[in-house]
Amino acid sequence: MARTGLFWFTNDLRLHDNPALQRAVSSVDSLVCVYVLESRSVSPSSYSAPSMGQSRFQFLRQSLLELQRDLRTLGQKLLVVQGSAASIIPSLIRAIAATDVFRSRNPGWYENRDWAYAKAKCGQCTFHTIDSHTLFDIDTLPVDVADIPATFTRFRKLIDAAVPSAPIVRLNYLPPPARFRAAIQLPTVRLLDSVREAASEFNGGESAALSHMEAYFSSDLPTDYKQVRNALDGWDNSTKFSPWLANGNLSVRELVARLRQYESSVAANESTYWIYFELLWREFFQWHAHQHGASLFSLSGVKHVSLVTSFYPERYQKWIAGNTPYPLVNAGMRELAATGYLSNRGRQIVASCFVNELGMDWRYGAAYFEQVLLDYDVASNWGNWQYLAGVGADVQPKRHFNLAKQAATFDPDGAYVARWQGAASLLPLDSVDAADWPV
């Protein structure tokens, strides 16, 4: 009997090393590919900001446009639909009489809730979840997800010597589009090339991701990474892989394979290991999110700590606008508003100020980062904010950075503050304009 598949793209917007899509290719005779732009991501949230601002929207749009073109060259299509996956996925399953539904494993609690709902509504289908977003498959982790250690150090000791799953080759064939057997009305989004875009050093999409990876490993930068990784800015002072990893334009397994190639053919030192070390932090937060689910968004965190905190609208707006009493924090927030990116050190500084000096509910800071960061990843973002606020994966009660010391250490001549003091002081907190996603 012919098998009909539905593939739900989420955090895997690529054709290279996509085990989930490969499973679909080897399992079905025809296929429908869909990406759901969740309505909740472009509407105001309970934290005073929409989940996706203009910078993230632009990067995502570029990623989807390229994926759409790549699928077209293989005789396939990508449906981009705005709405709720909890209703759209079951509707599509019924419309094409799907026998199999596929997706990459996703650390997002809402995405997993929608997946579970679709399974409950469409029990006649076989649902496949395949690991494409992490270094390790769930079956090859040296520990059960329920037993993931509470701290990164313990996790790293378990996994440091383990060998990540190898990447697979880029797909060059896809089953033809499945036939719709029933009428269905979908709020399909047209990704118009004519949409005006803001200038950015980051362009979304698989080709930009792979090009950046090759450029980075064709240089001497990997051998100096550990010495410069704490710099507040500068394109060459960090790897800059995170936006493409977050969207799944770049496979983390492909990235590690390229790192190993560099180490074997050019040089292997403490800096090249530190690149892998940082990717292990990412890996920890992915499985940490799977382990804790909705607790990742709880005020008391995964440690269930009782916090005394509040929300002060004026302080919140001044933090966003880069108008606090702390020049280094202001510079960081203005860079974030202008570019959608901030160094790891900068993120820790502005987050520490938010939690400690401003005494704010950490969830509002995490939600703002979710809105503006090009490299927003649910596991890393919310996990890191909990870590700093003392309610997450850390034995310490709270992380508090001495802002004067941070400035003296990382911006001793004031160059970073001077560079960003004249930048736009406020990123609008409105939703993505509906005109940018014409239906």
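A residue counts as buried at under 20% relative accessible area, as exposed at over 50%, and as partly exposed in between, using a 1.4 Å probe and protein chains only. With a relative accessibility of 58%, His-304 therefore falls in the exposed class. His-304 is found in the loop between helix 10 and helix 11 (313-321), and its phi is near 55 degrees, a positive value in a residue other than glycine. Asp-17 also has a positive phi, near 40 degrees, without being glycine. Asp-17 sits in the loop between strand 1 and helix 1 (19-27), and it is buried, with a relative accessible area of 0%.

A word on where these values come from. This is a predicted model, in which local features need pLDDT of at least 70 and side-chain atom pairs count only at pLDDT 80 or more, while totals for chains, interfaces and linings use all residues. Residues are numbered from 1 along each chain as its sequence is written, and side-chain values use heavy atoms, with hydrogens and water left out. Helices (H or I, at least four residues) and strands (E, at least two) are DSSP runs, numbered from the N terminus.

Now for the sheet. It is an open sheet of 5 strands in the order 3-2-1-4-5, with parallel pairing; two strands pair if DSSP finds at least two bridges between them. Strand 3 and strand 5 (126-130) stand at the edges with a single partner strand each, so one side of each has no neighbour in the sheet. On average, neighbouring strands are turned by 25 degrees against each other, direction ignored. Going through some of the pairs, strand 1 (residues 4-9) and strand 2 are parallel over 6 bridges, with Gly-5 opposite Leu-31 in strand 2. Strand 2 also pairs in the parallel sense with strand 3 (residues 78-83), over 6 bridges, and here Glu-38 stands opposite Gly-83. On its other side, strand 1 runs parallel to strand 4 (residues 100-104), joined by 4 bridges, and Trp-8 stands opposite Arg-103 in strand 4. Helix 3 packs on this sheet and touches strand 1, strand 2, strand 3, strand 4 and strand 5, where contact means heavy atoms within 4.5 Å. The direction of helix 3 makes about 160 degrees with that of strand 1. Axes are lines fitted to C-alpha atoms, for helices over the stretch in contact, and angles run from 0 to 180 degrees between N-to-C directions.

Strand 2 is worth a closer look. In strand 2 (residues 30-38), 9 of the 9 residues are buried, so the strand is largely enclosed by the rest of the structure. In a regular strand the side chains alternate between the two faces of the sheet. Here Ser-30, Val-32, Val-34, Val-36 and Glu-38 point one way, and Leu-31, Cys-33, Tyr-35 and Leu-37 point the other way. Next door, in strand 1, lies Phe-7, which is buried at a relative accessible area of 0%. Leaving aside residues up to four places away in sequence, Phe-7 touches several residues, among them Leu-31, Val-32, Cys-33, Val-34 and Phe-102.

That leaves the helix pairs. The axes of helix 3 (residues 85-96) and helix 4 (residues 109-121) come within 9 Å and cross at roughly 35 degrees. Ala-85, Ala-86, Ile-89 and Pro-90 of helix 3 make the contact with Asp-114, Tyr-117, Ala-118 and Lys-121 of helix 4.

Helix 10 takes part in two packings. Helix 5 (residues 152-159) and helix 10 (residues 270-292) pack at an angle of about 110 degrees, their axes 10 Å apart. The two helices are therefore roughly perpendicular (65 to 115 degrees). Phe-152, Phe-155, Arg-156 and Ile-159 are the helix 5 residues in this contact, and the helix 10 side includes Phe-277, Trp-281 and Trp-287. With helix 9 (residues 252-265), the angle is about 165 degrees and the axes are again 10 Å apart, which makes helix 9 roughly antiparallel (over 145 degrees) to helix 10. Residues meeting here include Leu-255 and Leu-259 in helix 9 and Tyr-273 and Ile-275 in helix 10.

Definitions and conventions. Angles under 35 degrees count as roughly parallel, over 145 as roughly antiparallel, 65 to 115 as roughly perpendicular and the rest as oblique.
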